[in-house]
Amino acid sequence: MSKVAIDMPPKGGFSFDLCKRNDMLVKNGLKMPSFLKTGTTIVGLIFQDGVILGADTRATEGPIVADKNCEKIHYIAPNIYCCGAGTAADTEAVTDMISSQLTLHRYHTGRESRVVTALSLLKSHLFNYQGHVSAALVLGGVDITGPHLHTIYPHGSTDTLPYATMGSGSLAAMAIFESKYREGLTRDEGVELVAEAIRSGIFNDLGSGSNVDICVLTKGHKEYLRNHETPNPRTYVSEKGYSFSKKTEILLTKITPLVEKIEIIEGGDAMEE
Amino acid sequence: MGDSQYSFSLTTFSPSGKLVQIEHALTAVGSGQTSLGIKASNGVVIATEKKLPSILVDEASVQKIQILTPNIGVVYSGMGPDSRVLVRKSRKQAEQYHRLYKEPIPVTQLVRETAAVMQEFTQSGGVRPFGVSLLVAGYDDKGPQLYQVDPSGSYFSWKASAMGKNVSNAKTFLEKRYTDDMELDDAVHTAILTLKEGFEGQISGKNIEIGIISADKKFRVLTPSEIEDYLQEVE
């Protein structure tokens, strides 16, 4: 069947055409640009009515804080949200893509999306890219079968847990969970526990910092608490302001007017065609 | 008729300048169940007959009016399975647009892309044109809009339109009844009355389908009980 050619994006997979050239450049002394990593603390827990997800808001580029208040809790479906750690671009692109696929799936089936569907789509995508898509995710949501919480690793393996942490601050946060988590927490207790775990990551891990974002998912209802806590406000701002002195000294100012150069032609004709 | 020699091949023009297959596709549409759409000042309504082949068919499982995006819906006249293919493609295109531009697709864009798909199937080898005409109803920043797309891939914006069986009577009725400042509720009543004109048998909430979109930009299909309420008001 010959179809009229439409602009189609190339089908799947990475194109490794430039790898040899990149290697050659590095050998010749080029410094490869680094990417934005989220070096994060992300957590999730299941409480009596549903799932609570939490995340810090610092995005790092090596030792520099690139974004002091980024959003790490991504929308997947009205009843499913996902926290992402790893390379920021990877987590955003992958969650965006799966969210799009789930929207189409919802239209075709006429039903609410299930968390396991999102899980399967995410893990098969990550497995296909053999860990090169550096996204470590905490996926949580409430669907017709109840509340669910999963962790997904960059290579595509998953865990199903009642409470989970990921990212560079995961050990600090897990310490809080392991000592204080119990089944049947109420909403307020759950939110407080999640906030405490994120705070633990913020203060004890360099890769995490700034504020606490929380998302509470229950049956048929979601609450996105952006900047639920801001334990790192900028406390001192000088009233006088800051004057930055000029580094260059002016020794001499000389103004040279540009002289118009007019040629006078004797006996010239008026403008000809 | 000289045309008949050219009627087998889709991609061959007849001497009179027509693509006979497309004419036949329009005939297929013309023998489909009546559907219509009306654009009001604050919304759009689309409606169709839902005549099932037998009383044994579970009418709750049949849905002719489909949603394409939260603010765009569609109804068809003609071959149901063909419309399913188009609905699927349109939904995907709308979602791809949204992923790329992070804004809901404007109604004109979606209509244009759907029409392009339909046109593709009139200029390729080994395929036949779609045997459906679509009425696309949407509400975006430009306000309420109603478009009709034909098997040839041509599309027009309408204030009110009808397709399928009984189209000429329905259009005459709509021409008489349409006013520019009509509100959505009046439009629904007019739609019901238009359907009633050519309806064989007793009209009820179970054998017609109505979809509306108002200024809240949320397309929805009315439930049978809501249709019954409107029917009562019309009586």
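**Two chains of a predicted model, in questions and answers**

UniProt, in an unreviewed entry, places the feature "active site" at A:T40. The model discussed here is predicted.

Trainee: In which loop of chain A does A:T40 lie?
Mentor: The residue to locate is the one that carries the "active site" feature in the unreviewed UniProt entry, A:T40. The helix α1 covers 19-27 and the strand β1 covers 42-47, and A:T40 belongs to the loop between α1 and β1 of chain A.

Trainee: Is A:T40 buried or exposed?
Mentor: A residue is called buried when its relative accessible area is under 20%, and exposed when that area is over 50%. The relative accessibility of A:T40 is 1%, and therefore A:T40 counts as buried.

Trainee: Which residues is A:T40 in contact with, leaving aside its neighbours within four places in sequence?
Mentor: Contact here means heavy atoms within 4.5 Å. With those sequence neighbours left aside, the partners of A:T40 include A:D56, A:K72, A:G84 and A:A85. The list also holds A:M166, A:G167, A:S168 and A:G169, and it is completed by A:D205, A:G207 and A:S208.

Trainee: What radius of gyration does chain A have, set beside that of a compact globule of 273 residues?
Mentor: Chain A is built with five helices and 12 strands, and its C-alpha atoms fill a box of roughly 100 × 70 × 45 Å along the principal axes. A compact globule of 273 residues would have a radius of gyration near 19 Å, whereas the value for chain A is 28 Å.

Trainee: And for chain B, what is the radius of gyration, and why is the chain called as compact as a globular protein of its length?
Mentor: Chain B contains six helices and 10 strands. The globule rule gives 18 Å for 235 residues, and chain B is close to that value, so it is as compact as a globular protein of that length, with a radius of gyration of 18 Å. Its C-alpha atoms, taken along the principal axes, fill a box of roughly 55 × 45 × 40 Å.

Trainee: What share of the 235 residues in chain B is buried?
Mentor: The cut-off for a buried residue is a relative accessible area under 20%. In chain A, buried residues make up 41% of the 273 residues, while in chain B the share among the 235 residues is 51%.

Trainee: What part of the accessible surface of chain A belongs to carbon and sulfur atoms?
Mentor: For chain B, the accessible surface comes to about 11,400 Å², with 51% belonging to carbon and sulfur atoms. For chain A, the accessible surface comes to about 17,500 Å², and the part belonging to carbon and sulfur atoms is 56%.

Trainee: How many positive and negative side chains does chain A have?
Mentor: Chain B has 25 positive and 28 negative side chains, with the centres of the two sets 6 Å apart. In chain A the centres of the two sets lie 6 Å apart, and the counts are 27 positive and 32 negative side chains.

Trainee: Which residue of chain A has a positive phi although it is not a glycine, and is it buried or exposed?
Mentor: The residue is A:S210, with a phi of about 65 degrees, and it is placed in the loop between α5 (187-204) and β11 (212-218) of chain A. Its relative accessible area is 13%, so A:S210 is buried.

Terms used
Residues are numbered from 1 along each chain as its sequence is written. Chains are lettered from A and ligands numbered from 1 in the order in which they are written. This is a predicted model: local features need pLDDT of at least 70, side-chain atom pairs count only at pLDDT 80 or more; totals for chains, interfaces and linings use all residues. Side-chain values use heavy atoms; hydrogens and water are left out. Helices (H or I, at least four residues) and strands (E, at least two) are DSSP runs, numbered from the N terminus. The radius of gyration is taken over C-alpha atoms; the globule rule is 2.2 Å times the number of residues to the power 0.38. Buried means under 20% relative accessible area, exposed over 50%, partly exposed in between (1.4 Å probe, protein chains only). Accessible areas come from the Shrake-Rupley method with a 1.4 Å probe; for residues, only the protein chains shown count as cover. Lys and Arg count as positive and Asp and Glu as negative; His and the chain ends are not counted. The place of a charge is taken as NZ of Lys, CZ of Arg, CG of Asp or CD of Glu. UniProt positions are given in the numbering used here, feature names are shortened, and annotations may be inferred rather than shown by experiment.
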